[in-house]
Each structure stands twice: as C-alpha cells, then as structure tokens.
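This report describes one protein chain for a reader who has not seen the structure before. Please look at the sequence and the model first, then read on.

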Amino acid sequence: AVAAKNGEFVATTEKLISDICAMLGELSGQRIGRVRKEIKPKPDEALLRDLLGACEHFDVANMEKKLSEMERFSYESRGDLVEWLRLKTNNLEYDEIRSRLHDILAEY
C-alpha cells in the first residue's frame with residue numbers, strides 16, 4: 001500500500017514545496033507600488049561615499065538623489081542603514097550621518 005501511494009505522496013510533497021518557495025519569493029520581494037525591488041547584498045560603497053560627500057557639503061539635493069538611488073533596492077545586509085539614513089536626512093541630522101558613514105566605510 002505504501003509503495004502504491006508513494007508516487008502520489010512524492011508529487012504532492014514536491015508541489016507543496018514549490019508552492020512554499022513561490023510564496024516565500026513573493027514575501028521576500030519588497031515592493032514599491034507595484035514594482036518589486038531588486039535585492040543586493042549590501043548598499044553600494046560608491047553611493048555611500050557620494051552620500052557622505054554630499055552630507056559634508058550640505059548638498060541636500062545630491063543627498064536626496066543618492067538616497068533615492070539606494071531606496072530602489074532591498075538589501076540582504078545593512079538594509080536598516082538606508083532606512084536610518086532616510087530618517088536622519090529628513091531630520092537634518094548631518095553630524096550623525098557623517099559619523100556613521102565614516103565608521104561604515106572604514107569596514108568596506
């Protein structure tokens with residue numbers, strides 16, 4: 001009886017696993033409106049350096065541009081950094097931004 005039903009059991013289990021993988025893919029893909037964000041390992045070092053330079057020169061327009069570029073993606077690590085940078089930029093806390101970016105860029 002087990003051998004007779006084994007093929008059906010395997011097929012059902014494979015479908016279940018496939019459905020779970022599809023669901024997890026949907027849940028892990030963050031969306032902006034209807035567009036799914038591409039996932040990157042971490043925020044781009046060049047963008048962080050550009051953001052730091054803009055922050056040091058109080059170039060708010062360029063800071064916004066660099067932050068918007070970073071916000072187009074989701075990150076496997078340091079995703080919270082982009083959210084933090086947005087919050088600090090909105091609150092005009094440039095000294096905190098500069099300090100943290102110096103520390104982070106020393107690790108890159």
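A residue counts as buried under 20% relative accessible area, as exposed over 50%, and as partly exposed in between (1.4 Å probe, protein chains only). The model is a predicted one, in which local features need pLDDT of at least 70 and side-chain atom pairs count only at pLDDT 80 or more, while totals for chains, interfaces and linings use all residues. Residues are numbered from 1 along each chain as its sequence is written, and side-chain values use heavy atoms, with hydrogens and water left out.

**Overall layout**

The chain has 5 helices and 4 strands. Helices (H or I, at least four residues) and strands (E, at least two) are DSSP runs, numbered from the N terminus. Along the sequence their order is α-β-β-β-α-α-β-α-α. The chain holds 108 residues, and 27% of them count as buried.

**Helix packing**

Axes are lines fitted to C-alpha atoms, for helices over the stretch in contact, and angles run from 0 to 180 degrees between N-to-C directions. Helix α3 spans residues 60–71 and packs against α2 at an angle of about 160°, the two axes being 8 Å apart. That makes α2 roughly antiparallel to α3. Angles over 145 degrees count as roughly antiparallel, under 35 as roughly parallel, 65 to 115 as roughly perpendicular, and the rest as oblique.

Helix α3 also packs with α4: their axes come within 10 Å and cross at roughly 155°. This pair, α3 and α4, is roughly antiparallel as well. The crossing of α2 with α3 is left-handed, and α3 passes α4 in a left-handed crossing too. A crossing is left-handed if the near helix is turned anticlockwise from the far one by less than a right angle, and right-handed if clockwise.

**Loops with a positive phi**

Phe58 sits in the loop between α2 and α3. Its phi is near 55°, a positive value in a residue other than glycine. Phe58 is exposed, with a relative accessible area of 51%.

Leu92 sits in the loop between α4 and α5. Phi of Leu92 is near 60°, again positive in a residue other than glycine. Leu92 is exposed, at 57% relative accessibility.

Which position is 32 residues away from Leu92 in sequence but 9.3 Å away in space? The position is Val60, with the distance taken from C-alpha to C-alpha. Val60 belongs to helix α3 and is partly exposed, at 38% relative accessibility.

**Salt bridges**

Side chains of opposite charge can pair when their charged atoms come close. A salt bridge here is a side-chain nitrogen of Lys or Arg within 4 Å of a carboxyl oxygen of Asp or Glu. The whole structure has 9 salt bridges. The table gives some of them.

| Residue | Partner | Closest N and O atoms |
|---|---|---|
| Glu45 | Arg49 | 2.8 Å |
| Arg78 | Glu107 | 2.4 Å |
| Glu93 | Lys88 | 3.0 Å |

Arg78 lies in the loop between β4 (73–75) and α4 (79–90), and Glu107 lies in helix α5 (residues 94–107), so their salt bridge ties together parts that are 29 residues apart in sequence. Arg78 is partly exposed at 28% relative accessibility, whereas Glu107 is exposed at 54%.

Glu45 and Arg49 both belong to helix α2 (residues 45–56); they are 4 residues apart, and therefore separated by about one helical turn. Glu45 is partly exposed, with a relative accessible area of 28%, and Arg49 is partly exposed at 41%.

Is Lys88 buried or exposed? Lys88 counts as buried, at 12% relative accessibility. Its partner Glu93 is partly exposed at 23%.

Beyond these pairs, Asp50, Lys66 and Glu69 are linked in a network of salt bridges.

**A nonpolar surface patch**

Leu16, Ile20, Met23 and Leu24 form a nonpolar patch on the surface, and together they have about 370 Å² of accessible area. Patches are made of residues with over 30% relative accessible area and no salt bridge, with nonpolar side chains (Val, Leu, Ile, Met, Phe, Trp, Tyr) joined within 5 Å and like charges within 9 Å. Accessible areas come from the Shrake-Rupley method with a 1.4 Å probe; for residues, only the protein chains shown count as cover. Leu24, one of the patch residues, lies in helix α1 (residues 2–28). Leu24 is partly exposed, with a relative accessible area of 47%.
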